[in-house]
Number of protein chains: 2
Amino acid sequence: MAVSPPRPKGPPLNALRAFEAAARLGGFSRAAEELGVTPGAITQHIKTLEDWVGAPLFERRSQGVRLTLEGARLRPAFTTAFDKMGAAVHALKELSRTPRVHIAALPSVAQLWLSSRLPRLRAEHPQCQFSVTALEQPPNLLREVFDWSVFFERPESDSKGIVLEHDEIFPVCAPHLAPSIKTAHDLTPHTLLVDDTWSEDWDIWAKEAGWARPTGVKTARFSLYALALEEARNGAGILIGHASLIRPDLEAGRLVAPLPMQAATGLALMLRTTPQFQAMADSFVTFE
Amino acid sequence: MAVSPPRPKGPPLNALRAFEAAARLGGFSRAAEELGVTPGAITQHIKTLEDWVGAPLFERRSQGVRLTLEGARLRPAFTTAFDKMGAAVHALKELSRTPRVHIAALPSVAQLWLSSRLPRLRAEHPQCQFSVTALEQPPNLLREVFDWSVFFERPESDSKGIVLEHDEIFPVCAPHLAPSIKTAHDLTPHTLLVDDTWSEDWDIWAKEAGWARPTGVKTARFSLYALALEEARNGAGILIGHASLIRPDLEAGRLVAPLPMQAATGLALMLRTTPQFQAMADSFVTFE
DNA sequence: TTCTTAGGGTGAGTTTTTCTCAACCAATTT
DNA sequence: AAATTGGTTGAGAAAAACTCACCCTAAGAA
C-alpha cells in the first residue's frame, strides 16, 4: 500500500530527561547543571513537554518551581526508567577494549588531593586508563558516565559512599606571617584569602573561634582554591585551610597554622563509585 | 571556582533507541519502520553508538545484520529501560484533559472495517476523542503512542490480543461478472485485482482451490486495498476478498462471491490495546 | 520603601543533530 | 544475467537543541 507513514512520534527523549532531572532535583537550574546545559534549555524542554501533554507539569513560583500533583505522580516512573537506562549505558561503556575509569572531582580536590594519589592508582592498575574531570557539583553516578566521584559532601547515612576524611578548617599562612598571629583578633589587619565556592568558610570558622569578624577586613577572592593556596604560600594573606587539601603544605613547612582552633564544616571528603568499581575503590582506600 | 564545565555527555538517547529497536527487531530496516525514519538514519545512529563505545555492536552480513555477542548481551537492559520509558510516556499522555484513544490500523482495515464501527465507539464513549492512524506494520504498543491496534496478525498464543475474526479469502466480483464464473478456471480470462501488500493472496487461494494459475493472466496492482475494491465494484476484474473487509459489499449486493472455495491465510484480524484500555476494548468486542 | 538576590521566562540567532535523498554495494534468488 | 534484499554513503536540508542577553517576579535585606 505504501501510504505515507506519518508515524506520530512520542515526546522527545531529551525533554523527558530534562523533566526527570528537574523533578528529581527540584529546580530547573539544578537540572541544567546536571545535564550540562543552561537553564534556558531546561525551560524550553519542559515547555515542549507540557505542550505535548497538554497539561502543566510544574507550577511556576517566584523562587523556583514546584511539581504539580500530576508531575509528582509521574516522576518515579521516569526516574526508574532513566536509572535503568543509565545502568545499561554503563554496561555499554564496559565493552570498550581498554578498561577506563573516569573520575569526577571538585577542581580543588582534583588538583590538591587526587593528583598526588593518582600515580599509585595507575601503578596498581596498569591496564586501566584513568581520566579526571573537574566538576562543581557531584555527578549522579547512576546517570552520568563517571565511575568514581570525590567531593566534599554531607555524609548522609543513606548512601554507600566511603568517607575519606571529615572536613576540618582552620587558618593557615606563610611561615613568616605566623609570629604576628597569636589570637583570632590578630587576623584583622591581614588579607583573608577566599575561594568563591567556599566563601562561607571564614564565617564557619569565625563562629567556632568566637571571632566577630570586623566588617573592614580585607579579602581577596579567587575562583579556584588552588589559586588562593598559591597566594597564601606567597605570603599574600591568610587562607582558610581544609586539612585534607593542605596537609602536604603543612608537612613541608610551606604553610603553618598559627591558631589551634579547628572547625568542622559538617562535610566529609567522600569517595563514591558505581557498583562495578566498588572493589577497586575499597582496595584503594585501605592504603590511605 | 566556576571552571568551564565540559561535562562529558553520555551517548545520545536517540542512538540508544535505534540500537534497541534494531537489536529487538533484528534489522535496521525494521527498526527504521518502527521509528518512522529511513534506514539510513538507523545506520548512522548505530555508527555513532559504535564509535562512542569503540566496539562493533552488529556484524554486517550481506543479507542483513546480526548482533555481536556483546550487542546481544546488552540488548535486554536497553529493552527493559525503554519499556519502562514507554510505560511512563503512556502515563504522561493520560494527563491530557480530554481522554484520547489513538488507534493504529492497516489502511484497509481503517477504511473498510474501522470506519463503520467508529461511530458506535464514539457514541459509547462521548467524552473520548478518537483518532486513527494508518500504518503498514503493527506498532509496538509498549513504545509508541498508540492505545489500540487493529491488524491482520498471526494469532500467537503469547500475546494478549483479541482475535476479532480469522482471515478468510475468496474471489469476489461485480454481480454482472459472476454468471460467467463457474469454476476457478473461468477466472483465467479476467483481470485479477491485486493489492501490493497482499500480493500473495491469489497464490494462497489458488493453491487451496487447486487452480494452477496460468502465467498469462492479467493483473492490476493497487497500492491500497480500498482502491482495488472500488475497481472490483466497477466490474474491472476479480478481487481476492477478505471476508472481514468486504462483508458490507456482499450484504449490499455490490459484490458477489462466484466460487464457494474459501482459504484461510493463517492470520486473524486482531485487536490489541495497552493495559489501560483493555476494559474499553473488551466492552467494544462484546458488541461485535 | 528600595535594593538585591534567586529562579525562571523569552526570543533571536547559532550550532548540532538528525534526517532524507539518491546513488551504490554485495550477496542471494530467480 | 537480472532482480531482490538489506545495508551504506555523503551531501544537503530540516529540525532540534542550545546559548546569550535581557526581562520578570517575589522575597528578603537594608
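Which residues does Gln276(A) touch, if we do not count residues up to four places away in sequence? I would like to begin with that small question, and to say straight away that the model we are looking at is a predicted one. The answer is that Gln276(A) touches His90(A) and Glu94(A). To find Gln276(A) on the structure, look in chain A for the loop between strand E10, residues 263-273, and helix H9, residues 278-286. The sequence alone would not show you this arrangement easily, so to speak, and one pair of residues illustrates it: Gln276(A) and Ala91(A) are 185 residues apart along the chain, and yet their C-alpha atoms are separated by 9.4 Å. Is Gln276(A) buried, partly exposed or exposed? Gln276(A) counts as partly exposed because its relative accessible area is 44%, which lies between the limits of 20% and 50%.

Let me set beside it a second residue of chain A, Thr133(A), which has its place in strand E4, residues 129-134. Thr133(A) is buried, because its relative accessible area is 12% and the limit for that word is under 20%. Its side chain and that of His102(A) are joined by a polar contact of 2.8 Å. If we leave aside the neighbours within four places in sequence, Thr133(A) is in contact with His102(A), Ile103(A), Ala104(A), Ala105(A) and Phe146(A), and also with Pro8(B), a residue of the other protein chain.

That last contact brings us to the interface between the two protein chains. Here 58 residues of chain B are in contact with 58 residues of chain A, and the area buried between the two chains is about 4,800 Å², with carbon and sulfur atoms giving 74% of that area. How many salt bridges are there between chain B and chain A? The count is 1, and in this salt bridge the side chains of Arg7(A) and Glu144(B) meet, with a distance of 2.9 Å from N to O. As for polar contacts across the interface, the rule finds 3 residue pairs, with both residues of each pair at pLDDT 80 or more.

If you would like to trace the side of chain B that touches chain A, the elements that give two or more residues to it are helices H1 (13-25), H2 (28-35), H3 (39-53), H4 (69-94) and H5 (107-124) of chain B. Among these, H4(B) provides the largest share, with 15 residues. When the residues of this side of chain B are divided by class, we find 34 nonpolar, 11 polar and 13 charged.

We can now turn to the DNA, beginning with strand C. There are 18 residues around DNA strand C, and those that come nearest are Ser29(A), Arg60(A), Thr38(B), His45(B) and Ser62(B). Of the atoms of DNA strand C that come within 4 Å of the protein, 85% are accounted for by sugar and phosphate. Three side chains of chain B are worth finding on the structure here. A polar side-chain atom of Asn14(B) lies 3.3 Å from a phosphate oxygen of DNA strand C, and a polar side-chain atom of His45(B) lies 2.4 Å from a phosphate oxygen of that strand, whereas for Gln44(B) the partner is a base oxygen, at 3.2 Å from a polar side-chain atom. The elements giving two or more residues to the surface near DNA strand C are helix H2 (28-35), helix H3 (39-53) and strand E2 (64-67) of chain A, together with H3 of chain B. The largest share of that surface, 3 residues, comes from H3(B), and by class the surface divides into 5 nonpolar, 11 polar and 2 charged residues.

What, then, surrounds DNA strand D? There are 16 residues around this strand, and the closest are Thr38(A), His45(A), Ser62(A), Ser29(B) and Arg60(B). Of the atoms of DNA strand D within 4 Å of the protein, 82% belong to sugar or phosphate, and the rest belong to bases. Phosphate oxygens of DNA strand D have partners in both protein chains: from chain A, a polar side-chain atom of Asn14(A) lies 3.2 Å away and a polar backbone atom of Thr38(A) is at 2.6 Å, while from chain B a polar side-chain atom of Thr43(B) lies 3.1 Å away.

At least two residues each of the surface near DNA strand D are supplied by H3 of chain A and by H2, H3 and strand E2 (64-67) of chain B. Here the largest share, 3 residues, comes from H3(A), and the classes in this surface are 4 nonpolar, 10 polar and 2 charged residues.

Methods:
Residues are numbered from 1 along each chain as its sequence is written. Chains are lettered from A and ligands numbered from 1 in the order in which they are written. This is a predicted model: local features need pLDDT of at least 70, side-chain atom pairs count only at pLDDT 80 or more; totals for chains, interfaces and linings use all residues. Side-chain values use heavy atoms; hydrogens and water are left out. Contact means heavy atoms within 4.5 Å. Buried area is the accessible area (1.4 Å probe) that two parts lose on being put together, summed over both. A salt bridge is a side-chain nitrogen of Lys or Arg within 4 Å of a carboxyl oxygen of Asp or Glu. A polar contact is a pair of N or O atoms within 3.5 Å; within protein, one must be able to donate a hydrogen and the other to accept it, and residues adjacent in sequence count only if both atoms are side-chain atoms. Helices (H or I, at least four residues) and strands (E, at least two) are DSSP runs, numbered from the N terminus. Ala, Val, Leu, Ile, Met, Phe, Trp, Tyr, Cys and Pro count as nonpolar, Asp, Glu, Lys and Arg as charged, and the others, Gly among them, as polar. A residue is near a molecule or strand if one of its heavy atoms lies within 4 Å of it. Buried means under 20% relative accessible area, exposed over 50%, partly exposed in between (1.4 Å probe, protein chains only).
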